[in-house]
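Q: Please take a close look at one part of this model, beginning with how its strands are arranged. I would then like the account to continue into the contacts and neighbouring elements that help to place that part in the whole.

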Amino acid sequence: MNTPPPVERRTVEEARRAILAAFEQLPAERVSLHEAFDRVLAYDMRAPHDVPPFRNSAMDGYAVRAADVQHATHDTPVLLPLAGTVAAGHPPPRPLAPGEAMRIMTGAPVPEGADAVVRFEETSDTWPPDTRPPGHVAILKPVRAGENIREAGEDVRQGTVVLPAGTRLTPAGLGVLASLGIAEVPCVRQPRVGILATGDELVQPGDPLTPGKIRNSNEYVNAALVRRAGGIPVPLGIARDTVEALTSKVHDALALGVDMLITSAGVSVGDYDFVKHVLAAEGEMHFWQVSIKPGKPLAFGLLRAPNGHAIPLLGLPGNPVAAYVAFEVFARPAIRKMAGLTPILRPTLKARLQEDVRNSGRRHYMRARVWRDPNSGELRVSTKGDSLRVQGSGILSALVWANAFAIIPETATQVPAGTWVEVELLDVPEHALSLIDPSVVTVEP
Ligand code: AMP
Ligand code: MG
């Protein structure tokens, strides 16, 4: 068995910088429109043609020349002979001659010679009694030139960038791409992230709980966090605390072609904490003590894949709360970077601390709840639940209660109530944060 390298101490920023340096945005792949929702555009999308592609009617009515009906009123309608009908999806039967009208439906191409559309509601069609001579329409109101007509390209002009690279595709974005005939979209490939739980004590949620065992919860938390970060989880099950079992699972992950492997537990200094040994044997491994609370031990390195690629491995602590924090702080940005999502780091907001807090030299990510105080309008943050123990490192249910981390700097020992502290909102998408606090700052690593 290899001896693990000596333990180094890192700040959160140092560790995160070292981790992120090992990741790049993944290459583009073609994705059909139906599959492209929420995916990230790999390239700027330029309009290959105008939208709408031709001049068309915005109303059901009559195509006319505005000059011919400028004096029309209810009492003195203008009678125009009909030049036929044009329906959506069909070309006009012929151009419009001066002094004529053509029935036209919404979305139908405007005939040459017409410059406006009079709605049915302003013609003899809907104005009883209908006294027009056969083959004619009575226009009851003038129209301006261009009225009720959608010009070619008024939505999107050919050649403009409609959606820039890095856009996460919304339903509306998909609609724009569809309207431009882009049936296959170049998207950043989604990172496939192996999820490996380690520990002799673990059983799966569906299995009976025998003496000394606990249920594997990290796998499910991590898999969902991978999805939320824009990746595809690849669950690898549980590795027992032996070098052989761990090595075999690592080989499974590499054979499945994951872009990254996330393990939990076995990175501490216990007798059976073999993750770092195995990782050192299978690649190049760093093992750090990061100045973060909870979650001090963190393993990071590059595995040698059979095809020669180096696959990053992040070894999270086993403690469910520590694992969650370490995922948010280190794994999430790495996955977002691979996925082409920006900002890579979650922007922080400022909230006023509700109670005194102590800290002891590490950056403390406290489970917290943030709300807006209705009287002052300020964001407030509390790290205490009413009837709940919140900060115990084994209290996973407090993470359900929490909607944020309150970040207590490593330099602070006593933080009195009323201090403005940084908070990370856990369930709010990046683009919505500036609506909550317009002064939110995006920091890149
Ligand atoms: P370790 O890092 O192996 O010492 O594990 C730290 C703590 O986390 C121990 O109490 C483990 O039982 C617990 N733990 C490890 N893995 C998991 C898991 N997958 N789900 C829930 N708890 C875990
Ligand atoms: Mg263990």
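### Strand order and its setting

A: In this predicted model, 5 strands form an open sheet in the order S8-S5-S7-S6-S9, with mixed pairing. The edge positions belong to strand S8 (116–119) and strand S9 (136–139); each has a single partner strand, so one side of each is left without a neighbour in the sheet. Averaged over the sheet, and with direction ignored, neighbouring strands are turned by 45° against each other.

The contact at the S8 edge can be described residue by residue. Strand S5 (residues 61–64) runs antiparallel to S8 and is joined to S8 by 4 bridges. Within this pairing, Val64 of S5 has Ala116 of S8 as its bridge partner.

Asn148 offers a further view of this region. Asn148 is placed in the loop between S9 and strand S10 (149–150), and with a relative accessibility of 17% Asn148 counts as buried. Leaving aside residues up to four places away in sequence, Asn148 touches Asn56, Ser57, Ala58, Met59, Val117 and Arg119. A separation of 9.4 Å lies between the C-alpha atoms of Asn148 and Thr106, which are 42 residues apart along the chain.

The aromatic residues come next. The model holds 6 aromatic pairs. One of them is a tilted pair of Phe23 and Phe300, with 6.5 Å centre to centre and 40° between the planes. Phe23 lies in the loop between helix H1 (12–20) and strand S2 (28–32), whereas Phe300 belongs to strand S20 (residues 297–304), so this pair ties together parts that are 277 residues apart in sequence. Phe23 is buried, at a relative accessible area of 3%; Phe300, with a relative accessibility of 3%, is buried as well.

A second pair leads back to the open sheet: Tyr62 and Phe120 meet edge-to-face, at 5.5 Å centre to centre and with 75° between the planes. Tyr62 sits in strand S5 and Phe120 in the loop between S8 and S9, so that the pair links parts of the chain 58 residues apart. Tyr62 and Phe120 are both buried.

Phe300 also takes part in a wider grouping, as ring pairs link Phe23, Trp288 and Phe300 into a cluster. A contact of another kind involves Lys276, which lies over the face of Phe287, 4.9 Å from the ring centre.

Through Phe300, the description passes to strand S21. S20 and S21 run antiparallel and are joined by 6 bridges, and Phe300 stands opposite Leu314 in S21. The hairpin of these two strands has 5 residues between them, and there Gly308 takes a positive phi near 90°. S21 is also joined to S17, in this case by 4 bridges in a parallel pairing, with Leu261 opposite Leu313 in S21. Of the 7 residues of S21, 6 are buried, so this strand is largely enclosed by the rest of the structure.

One of the elements in contact with S21 is helix H3. The buried residues of H3 (residues 218–228) are Asn218, Glu219, Asn222, Ala223, Leu225 and Val226. They cover an arc of only 165° around the axis and therefore lie on the same side of H3. Against these residues pack strand S13 (192–198), strand S16 (232–239), strand S17 (260–264), strand S21 (310–316) and helix H6 (320–339). Just after H3, Gly230 adopts a positive phi of about 100°.

Helix H2 (residues 171–179) can be read in the same manner. Its buried residues are Gly173, Leu174 and Leu177. Viewed down the axis of H2, they fall within an arc of 100°, so they line one face of the helix. The general background is that an α-helix has 3.6 residues a turn, so residues three or four places apart point the same way. The face of H2 turned away from the buried side carries the exposed residues Pro171 and Ala172. The buried residues of H2 pack against strand S3 (45–46), strand S11 (161–163) and strand S12 (184–188). Just after H2, Gly181 takes a positive phi of about 80°.

Note on methods. Residues numbered from 1 in each chain as written. Chains lettered and ligands numbered in written order. Predicted model: local features only at pLDDT ≥ 70, side-chain atom pairs only at ≥ 80, totals over all residues. Heavy atoms only, no water. Buried < 20%, exposed > 50% of the residue type's maximum accessible area, 1.4 Å probe, protein only. Arc of directions from axis to C-beta. Contact = heavy atoms within 4.5 Å. Pairing = 2+ DSSP bridges. Axes fitted to C-alpha atoms, helices over the stretch in contact; angles between N-to-C directions. Phe/Tyr/Trp six-rings, centres within 6.5 Å; stacked < 30°, edge-to-face > 60°. Lys NZ or Arg CZ within 6 Å of the ring centre and 35° of its normal.
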